[in-house]
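Student: I am new to this structure and should be grateful for a close look at a single part of it. Could the account please concentrate on the ligand and the space around it?

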Amino acid sequence: MLLKIDSLKEEIDIQQVSNAEELESFRLKYLSKKGILNSLMEEFRTIPVEQKREVGQKLNELKVFVNEKFRLLKEGLTTAEDPALAEIDLTRSATPFPTGSRHPLSIVRNDIIKIFSDMGFTIAEGPEIEDDWHVFSSLNFPADHPARDMQDTFFISRNPVDVLLRTHTSSVQTRTMEKTKPPIRIVCPGRVYRNEAISARAHCFFHQIEGLYIDKNVSFADLKQVLLNFARQLFGPETKIRLRPSYFPFTEPSAEMDISCDICGGKGCAFCKETGWVEILGCGMVDPNVLRECGIDPDIYSGYAFGLGIERITNLKYKVKDLRMFSENDVRFLAEFESAR
Ligand code: PHE
C-alpha cells in the first residue's frame, strides 16, 4: 500500500488542467466519494494493525497533497479565465509618475556652488533675520552713513536693537569671521530681502551667493583669477571678464565684474544694451576695518570677497524676462527646466 501511495502522489503531481471540465474530472477521480482517496481509506481499514501507523501517516500526507493540488489547479484556472485579468497587459511599461523638477534658481545655485567647491570653498549659512551689527556695522557701514541707503531694509523692530531681514549674505561673512580663524574659504548661499516695489525687474526678496577668502598674502590677482575661472566654467571657455572700479563699504578697493555678453558674443545687442558686456557681481578686497571688527589682524591677514545674485545669473543663462516667475510656482514654468537638471 505504501508503494501505491507513492506512485499516486507522483501521478497527481504532474496533473494539469486547462478548463473547468478537466478540473472537475480531477476532483471526481481523486477527491469525490467514489474517488481514489476514499477507496484508499477503505483499504486502510483492512491492513494489519502493525502497519497502520506508518501507512496512516502517509495516507494523511497524500490527502493534504491532493487537496492542495486541487486548490492550485483551480486558482490557475480562475486567473487565466477571468476576462478582467486577461485584459491587463503585464508586459506594458508602467505609466511614468510625475516627480516634479528642480527650481531653476536651485539648479543655478547648485552649479555655482559646485564650481567654487571644486576650488576649495566650503558652504556657510546664516540666519535671514539679523541684527544691525552683522548686516551693517561690522561691515563698515557707519551709523547714519548714506551707504545704508544703498539697500532699502525691512526692519522687524528698532531700538534698543535693530532687528531686520538681511539685505545681503555678507552678514554670513561676519558670522564666520567671528568664530573661525583664517584661513577661511567659504561661499554663503541664501535669501535676502530689500524693500523694493515688485516689478518684472525687481523683487522684495532674491538670492545671493557671497564668497570670502581670508589668509596670509591674499591679493587682488587671486580674486581676479578665481572669478575668471568661475565665469568660464559657468558661461563657457570663451567668456571674457572685465572689472570696473566701484564702491562697497566693506571692501577696498571694490569692483564690479562684467562678463562678455553671451548672446551677441560681445558685439552689442539689445540684451547688453549694445555694450557687449553684462554685469554679474560685486567684489573687492576685504576692508581692514571689517577684519579688525571681526577679530582678525589686518597686518597679518588679507582677503577678498565677492557677491552675486542668483536670479541675475539665472536670467543670463535662461533668459527669464520677468523676475516674478521665480516665485509664482507655476508648474508649467518650472517644468521647462527639467532637462537642465
Ligand atoms: N553685498 C554686496 C551686495 O549685496 C555684494 C558684494 C559682496 C560686494 C562682497 C563686494 C563684496 O550688493
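Tutor: What follows is an account of the ligand, then of the pocket around it, and finally of some other features of the chain.

The model is a predicted one. The ligand is surrounded by 14 residues, and the closest of them are His168, Ser170, Arg194, Gln208 and Glu210. Three of these residues may be taken in turn, since their side chains have polar atoms listed with the ligand. In the side chain of His168, an N or O atom is 3.0 Å from a nitrogen atom of the ligand. Arg194 places a polar side-chain atom 2.9 Å from an oxygen atom of the ligand. For Gln208, an N or O atom of the side chain is 2.9 Å from an oxygen atom of the ligand. As for the surface of the ligand, 320 Å² is exposed when the ligand is taken alone, and the protein buries 92% of that.

The shell around the ligand can also be described by element and by class. Strand 6 (205-215), strand 9 (277-286) and strand 10 (302-309) are the elements that each give two or more residues to the shell. Of these, strand 10 supplies the largest share, with 3 residues. Sorted by class, the shell has 7 polar, 5 nonpolar and 2 charged residues.

The next subject is the space that holds the ligand. Rolling a probe the size of a water molecule over the atoms shows where empty space is left. The ligand sits in the largest pocket, which contains about 1,400 Å³ of space. This pocket has a lining of 48 residues, and those nearest its centre are Arg201, Glu279, Ile280, Gly309 and Arg312. The elements that give two or more residues to this lining include helix 8 (170-179), strand 7 (241-248), strand 8 (251-260) and helix 11 (310-318). Strands 6, 9 and 10 are also among them, and these three strands likewise contribute to the shell around the ligand. The largest share of the pocket lining, 7 residues, comes from strand 9. By class, the lining has 21 nonpolar, 13 polar and 14 charged residues.

There are further spaces in the model. The second largest pocket has a volume of about 270 Å³. It is lined by 16 residues, among which Leu105, Ser106, Arg109, Arg191 and His207 are the closest to its centre. Helix 6 (104-118) is one of the elements that give two or more residues to this lining, and helix 6 gives the most, with 4 residues. Strand 6 and helix 11 also give two or more residues to the lining of the second largest pocket, and both do so for the largest pocket. The structure holds 1 cavity of 30 Å³ or more. The lining of the largest cavity consists of His203, Phe205, Glu311, Leu323, Phe326 and Ser327.

Finally, the backbone deserves a remark. Most residues other than glycine have a negative phi, and most peptide bonds are trans. The bond that joins Pro182 and Pro183 is cis, with omega at about 0 degrees, and Pro183 belongs to the loop between helix 8 and strand 5. The bond from Glu252 to Pro253 is also cis, with omega near -5 degrees; Pro253 lies in strand 8. Lys273 is not a glycine, yet its phi is positive at about 50 degrees. This residue is found in the loop between strand 8 and strand 9.

Terms used:
Residues numbered from 1 in each chain as written. Predicted model: local features only at pLDDT ≥ 70, side-chain atom pairs only at ≥ 80, totals over all residues. Heavy atoms only, no water. Near = heavy atom within 4 Å. Polar contact = N/O pair within 3.5 Å; in protein donor to acceptor, adjacent residues only side chain to side chain. Areas by Shrake-Rupley, 256 points an atom, 1.4 Å probe, with all protein chains shown as cover. 1 Å grid on protein atoms, 1.4 Å probe; cavity = no way out; pocket = protein on both sides within 12 Å on 5 of 7 lines; lining within 4 Å. Sits in = over half its atoms within 2 Å of the grid points. Nonpolar A, V, L, I, M, F, W, Y, C, P; charged D, E, K, R; others polar. Points joined across faces, edges and corners; volume = space filled by probe spheres on them.
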